[in-house]
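Biologist: Please put the model up, and then we can go through the fold, the cores and a few single residues.

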Amino acid sequence: MNNMLTSVTIPNSVTRLEPVVFGFNRLTSVTIPNSVTSIRDAAFVQNQLSQVEFEGAVSIFPSAFVEQVKNGRFFDGWFTDQSYTNSWANVVPSPMTIYAQWSVQISYDGNAATSGQVPTDNQTYNSGESITLASNTGNLEKTGYTFIGWNTKQDGSGDSYLQLSLIHI
């Protein structure tokens, strides 16, 4: 399954969300109305959820919101605060919002450089952090080109960043 839902409004008449009911979509946030009293196994599996707002208490299967997926990012779990300090225990006793923490790893590619070394970065960066991109520390060169920075796609059609740019995750 590979659905394309990017948003959904759950009617107040719904009381239970069945297994995989909204699974395998592209939802980024969802509000669960207080009429919903039960959320079953994998109801929201493999979405791109960054936050879930619960308008009331609800019984939740532990795997209801597992395996969130964003291209180029790793899902690190759910938290009850936007500072990502309080892990969510899959319990919703009253209205609350949970927040997904995402992390990334930065990799550099010489893009067919004819000489020099590609910088390495073995660090993992979490949601909310800022990163200073590498400069051309390895003196990358490509015949007929001048190095000016990095791009998210090898053909240059992605997002471009100057060396030492500060980016926010």
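Modeller: This is a predicted model. A place to start is the small pairing in which I39 takes part, where the bridge partner of I39 in β5 is I60.

Biologist: How many bridges join β3 to β5, and which way do the strands run?

Modeller: Strand β3 covers residues 38-39, and I39 has I60 as its partner in β5. The two strands run parallel, and the number of bridges joining them is two.

Biologist: Which strands are at the edges of the open sheet?

Modeller: The sheet has three strands in the order β1-β3-β5, with parallel pairing. An edge strand pairs on one side only, and this holds for β1 (16-17) and β5 (59-60). The edge strands are β1 and β5.

Biologist: How many helices and how many strands does the protein have?

Modeller: From the N terminus on, the elements run β-β-β-β-β-β-β-β-β-β-β-β. The count is zero helices and 12 strands.

Biologist: Why is the protein described as more spread out than a compact globule?

Modeller: For 169 residues the globule rule gives 15 Å, and the radius of gyration is well over that, so the protein is more spread out than a compact globule. Along its principal axes the C-alpha trace spans about 65 × 35 × 20 Å. The radius of gyration is 21 Å.

Biologist: What share of the residues is buried?

Modeller: A residue is buried when its relative accessible area is under 20%. The accessible surface of the protein comes to about 9900 Å², and 47% of it belongs to carbon and sulfur atoms. Of the 169 residues, the buried share is 35%.

Biologist: Which strand gives the most to the largest nonpolar core?

Modeller: That core has 24 residues, and I32, I39, F44, F54 and F65 have the most contacts inside it. At least two residues each come from β2 (29-32), β4 (51-54) and β7 (96-105). With four residues, the strand that gives the most is β7.

Biologist: Which residues does I32 touch, not counting those up to four places away in sequence?

Modeller: I32 is one of the residues with the most contacts inside the largest core, and two others in that group, I39 and F44, are among those it touches. The full set for I32 is I10, L17, I39, F44, V52, E53, F54 and E55.

Biologist: How many residues are in the other core?

Modeller: This core lies apart from the largest one. Among its members are I106, Y125, A134 and W150. Its number of residues is 11.

Biologist: How many residues of β7 are buried?

Modeller: β7 pairs antiparallel with β4 over four bridges, with β6 (residues 74-79) over five and with β8 (residues 124-126) over three. The strand is mostly covered, and of its 10 residues the number buried is nine.

Biologist: What are the bridge partners of V52, W102 and S103?

Modeller: V52 has its partner in β7, and that partner is I98. W102 lies in β7 and stands opposite F75. For S103, the partner is in β8 and is N126.

Biologist: Is Q101 buried or exposed?

Modeller: Q101 is in strand β7. Beyond four places in sequence, its contacts are F74, F75, D76, G77, F79, Y84, N126 and S127. Its relative accessibility is 11%, and the cut-off for burial is under 20%. Q101 therefore counts as buried.

Biologist: Where is N47, and what is its relative accessible area?

Modeller: N47 lies in the loop between β3 and β4. Leaving aside neighbours within four places in sequence, it is in contact with F22, G23, F24, N25, R26, L27, E67, Q68 and V69. N47 is buried, and its relative accessible area is 0%.

Biologist: How far apart are the C-alpha atoms of N47 and N25?

Modeller: Along the chain, N47 and N25 are 22 residues apart. N25 is also among the contacts of N47. The separation of their C-alpha atoms is 5.1 Å.

Biologist: Which backbone atoms of L27 and F44 does the side chain of N47 approach?

Modeller: A polar atom of the N47 side chain lies 3.0 Å from the backbone nitrogen of L27. The N47 side chain also reaches, at 3.1 Å, an atom of F44, and that atom is the backbone oxygen.

Conventions:
Residues numbered from 1 in each chain as written. Predicted model: local features only at pLDDT ≥ 70, side-chain atom pairs only at ≥ 80, totals over all residues. Heavy atoms only, no water. Core = buried A, V, L, I, M, F, W, Y, C linked by side-chain atoms within 4.5 Å. Buried < 20%, exposed > 50% of the residue type's maximum accessible area, 1.4 Å probe, protein only. Contact = heavy atoms within 4.5 Å. Pairing = 2+ DSSP bridges. Rg over C-alpha atoms; globule rule 2.2 N^0.38 Å. Areas by Shrake-Rupley, 256 points an atom, 1.4 Å probe, with all protein chains shown as cover. Polar contact = N/O pair within 3.5 Å; in protein donor to acceptor, adjacent residues only side chain to side chain.
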